[in-house]
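Visitor: I'd like to look at this one with you and ask how each label is earned. Could you show it to me?

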Amino acid sequence: MKKKLYRSNTDKMLCGVLGGLAEYLNVDSTLIRILYAALCVFSAGFPGLVLYIICAVIIPAAPFDVEP
């Protein structure tokens, strides 16, 4: 079965983008959030915010029958 990237329904703080990425990569979501926060801090914040918004719009929400 091919893996697909979805926004998380269970592990989300805002839109579930980072939680979904963590589920896709099979990594702890806290690690992904720390890396994303570091990216935002070291890139003056704006590019990271725009990237998150774009991902929240483009990446579909996970169907409820998909296991994390």
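Visitor: Which elements have the lowest and the highest mean pLDDT?
Guide: Helix α3 has the lowest mean, 88, and α1 has the highest, 91. Keep in mind that this is a predicted model, and pLDDT is the predictor's confidence in each residue, on a scale from 0 to 100. For the protein as a whole the mean is 86, with 93% of residues reaching 70 or more.

Visitor: What makes tyrosine 36 and tyrosine 52 an aromatic pair, and why is the pair called tilted?
Guide: Start with the distance: the ring centres are 5.9 Å apart, and rings pair if their centres lie within 6.5 Å. Then take the angle: the planes are 50° apart, while stacked needs under 30 degrees and edge-to-face needs over 60. The value of 50° fits neither of those, so the pair counts as tilted. The structure holds one aromatic pair, and this is it.

Visitor: Why does that pair tie together separate parts of the chain?
Guide: Tyrosine 36 is in helix α2, residues 29–42, whereas tyrosine 52 is in helix α3, residues 46–58, so the pair links parts that are 16 residues apart in sequence. Both tyrosines are buried, too.

Visitor: Which residues make up the largest nonpolar core?
Guide: There are nine: Val17, Leu18, Ala22, Ile32, Tyr36, Cys40, Tyr52, Ala56 and Ile59. To belong, they have to be buried and joined through side-chain atoms within 4.5 Å. Helices α1, α2 and α3 each supply at least two residues of this core. In soluble globular proteins, nonpolar side chains tend to be buried together.

Visitor: Which residues of α1 are buried, and what covers them?
Guide: Val17, Leu18, Gly19, Gly20 and Ala22 are buried in α1. Their cover includes α2 and α3.

Visitor: What does alanine 56 touch?
Guide: Leaving out residues up to four places away in sequence, alanine 56 touches Arg7, Cys15 and Val17.

Visitor: Why is serine 8 called buried?
Guide: Its relative accessible area is 2%, and buried means under 20%, so serine 8 qualifies. Serine 8 is in the segment before α1. Beyond its neighbours within four places, serine 8 is in contact with Cys15, Gly16, Gly19, Gly20 and Glu23. Its side chain also reaches the backbone nitrogen of threonine 10, at 3.2 Å.

Visitor: And why is leucine 49 only called partly exposed?
Guide: Leucine 49 has 48% relative accessibility. Exposed would need over 50% and buried would need under 20%, so leucine 49 counts as partly exposed. Leucine 49 lies in helix α3, and, setting aside neighbours within four places, leucine 49 is in contact with Tyr36 and Cys40.

Visitor: How do you know that asparagine 26 is exposed?
Guide: Asparagine 26 has a relative accessible area of 69%, and exposed means over 50%, so the label follows. Asparagine 26 is in the loop between α1 and α2. Its phi is near 60°, a positive value in a residue other than glycine.

Visitor: What makes aspartate 11 and arginine 33 a polar contact?
Guide: Their side chains are joined at 3.4 Å, and the cut-off is 3.5 Å between N or O atoms, so the distance passes. Aspartate 11 also makes a polar contact with the side chain of serine 29, at 2.8 Å. Aspartate 11 is in the segment before α1, and arginine 33 is in helix α2.

Visitor: Is aspartate 11 buried, partly exposed or exposed, and why?
Guide: At 25% relative accessibility, aspartate 11 sits between the limits of 20% and 50%, so it counts as partly exposed.

Visitor: How do you know that the charge of lysine 3 sits over a ring?
Guide: The charged end of lysine 3 is 4.8 Å from the centre of the ring of tyrosine 24, and the limit is 6 Å. The charge must also be within 35 degrees of the ring normal. Lysine 3 is listed as sitting over that ring, so both conditions are met.

How values were computed:
Residues numbered from 1 in each chain as written. Predicted model: local features only at pLDDT ≥ 70, side-chain atom pairs only at ≥ 80, totals over all residues. Heavy atoms only, no water. Phe/Tyr/Trp six-rings, centres within 6.5 Å; stacked < 30°, edge-to-face > 60°. Helix = DSSP H or I, 4+ residues; strand = E, 2+ residues; numbered from the N terminus. Buried < 20%, exposed > 50% of the residue type's maximum accessible area, 1.4 Å probe, protein only. Contact = heavy atoms within 4.5 Å. Polar contact = N/O pair within 3.5 Å; in protein donor to acceptor, adjacent residues only side chain to side chain.
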